[in-house]
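Me: Could you take a close look at one part of this model for a reader who has not met it before? I would like to know how that part is put together, and what lies around it.

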Amino acid sequence: MISGDTAYAPELAEFAKGADVLVHEVMYMPAVEALVKRLPNATRLREHLIAAHTLPADVGKIAAAAGVKTLVLTHFVPGDDPSISDENWAADARKLFKGQIFVGRDLLEI
C-alpha cells in the first residue's frame, strides 16, 4: 500500500491490512520547526505541513496496526535538509513498529 500526502490517519491501517509493504510519507518536526523559524509567514506554512503530513511515530503506529512486514518511508518533509539522517527519519517509527524499515531514496531496491 502507498500513502500520499496525509496527516495522521489511523484508518490507513485498515486499508493496509494484509499488505507486505507500506510506503508512507513522513515529516520530521524538528527540521520543520527550524525551517519555519527562517521563513516569513511561517505560521501558515507550519499549519499546512502539519495538516498534510505524518510524524514518524504516527507512521510507526499505522504500520504496526496494519501488521505489515516492511515500512518504507518516503516523500520526506522537509526534503531538502541534509542534516536529517536516515536514523532521524526512522527512529520514532522504529519505537512502535518492529518490522523492517527502509528510508526510501531514489534508486533504492527492496
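A close look at the sheet

Reply: Val 72 stands opposite Phe 102, a residue of strand S3, and this pair is a convenient place to enter the sheet. The model is a predicted one, in which local features need pLDDT of at least 70 and side-chain atom pairs count only at pLDDT 80 or more, while totals for chains, interfaces and linings use all residues. Residues are numbered from 1 along each chain as its sequence is written, and side-chain values use heavy atoms, with hydrogens and water left out.

The sheet is open and has three strands, in the order S1-S2-S3, with parallel pairing; strands (E, at least two residues) and helices (H or I, at least four) are DSSP runs numbered from the N terminus, and two strands pair if DSSP finds at least two bridges between them. S1 and S3 are the edge strands, each of them pairing on one side only. From one strand to the next, the twist averages 30°.

On one side of S2, seven bridges join this strand to S1, and the two run parallel; Met 27, for instance, has Val 77 of S2 as its bridge partner. On the S3 side, S2 pairs over four bridges, again in the parallel sense. Although S1 is an edge strand, six of its seven residues are buried, so S1 is largely enclosed by the rest of the structure. Here buried means under 20% relative accessible area, exposed means over 50%, and partly exposed lies in between (1.4 Å probe, protein chains only).

Three residues of S2 can be followed in turn. Thr 70 lies in this strand and counts as buried because its relative accessibility is 9%. Leaving aside neighbours within four places in sequence, Thr 70 is in contact (heavy atoms within 4.5 Å) with Asp 20, Val 21, Leu 22, Phe 97, Gln 100 and Phe 102. Asp 20 belongs to the loop between H1 and S1, and at 47% relative accessibility this aspartate counts as partly exposed. Thr 70 and Asp 20 are 50 residues apart along the chain, yet their C-alpha atoms are separated by 6.3 Å. With the same exclusion of neighbours within four places, the contacts of Asp 20 are Val 68, Lys 69 and Thr 70.

Further along, Leu 73 has a longer list of contacts to follow: beyond four places in sequence, this leucine meets His 24, Val 26, Val 59, Trp 89, Ala 90, Ile 101, Phe 102, Val 103 and Gly 104. Phe 76, which is also found in S2, is buried with a relative accessible area of 15%. When residues up to four places away are not counted, Phe 76 touches Val 26, Trp 89, Val 103, Gly 104 and Arg 105.

Helices lie against these strands as well. H4 lies across S1 and S2 and runs at about 160° to S1, whereas H5 lies across S1, S2 and S3 and runs at about 150° to S3; axes are lines fitted to C-alpha atoms, for helices over the stretch in contact, and angles run from 0 to 180 degrees between N-to-C directions. In H4, which spans residues 56-66, the buried residues are Pro 56, Asp 58, Val 59, Gly 60, Ile 62, Ala 63 and Ala 66. Their cover includes helix H1 (12-16), strand S1 (21-27), strand S2 (70-77) and helix H5 (86-96). Just after H4, Gly 67 takes a positive phi of about 75°.

The sheet and its helices also share a nonpolar core, that is, a set of buried Ala, Val, Leu, Ile, Met, Phe, Trp, Tyr and Cys residues joined through side-chain atoms within 4.5 Å. The largest such core has 23 residues, and those with the most contacts inside it are Leu 22, Val 68, Leu 71, Leu 73, Trp 89 and Ile 101. Two or more residues come from each of H1, S1, H4, S2, H5 and strand S3 (100-103), and H4 gives the most, with four. A second, separate core has seven residues, among them Met 27, Val 36, Ala 42 and Leu 49. In soluble globular proteins, nonpolar side chains tend to be buried together.
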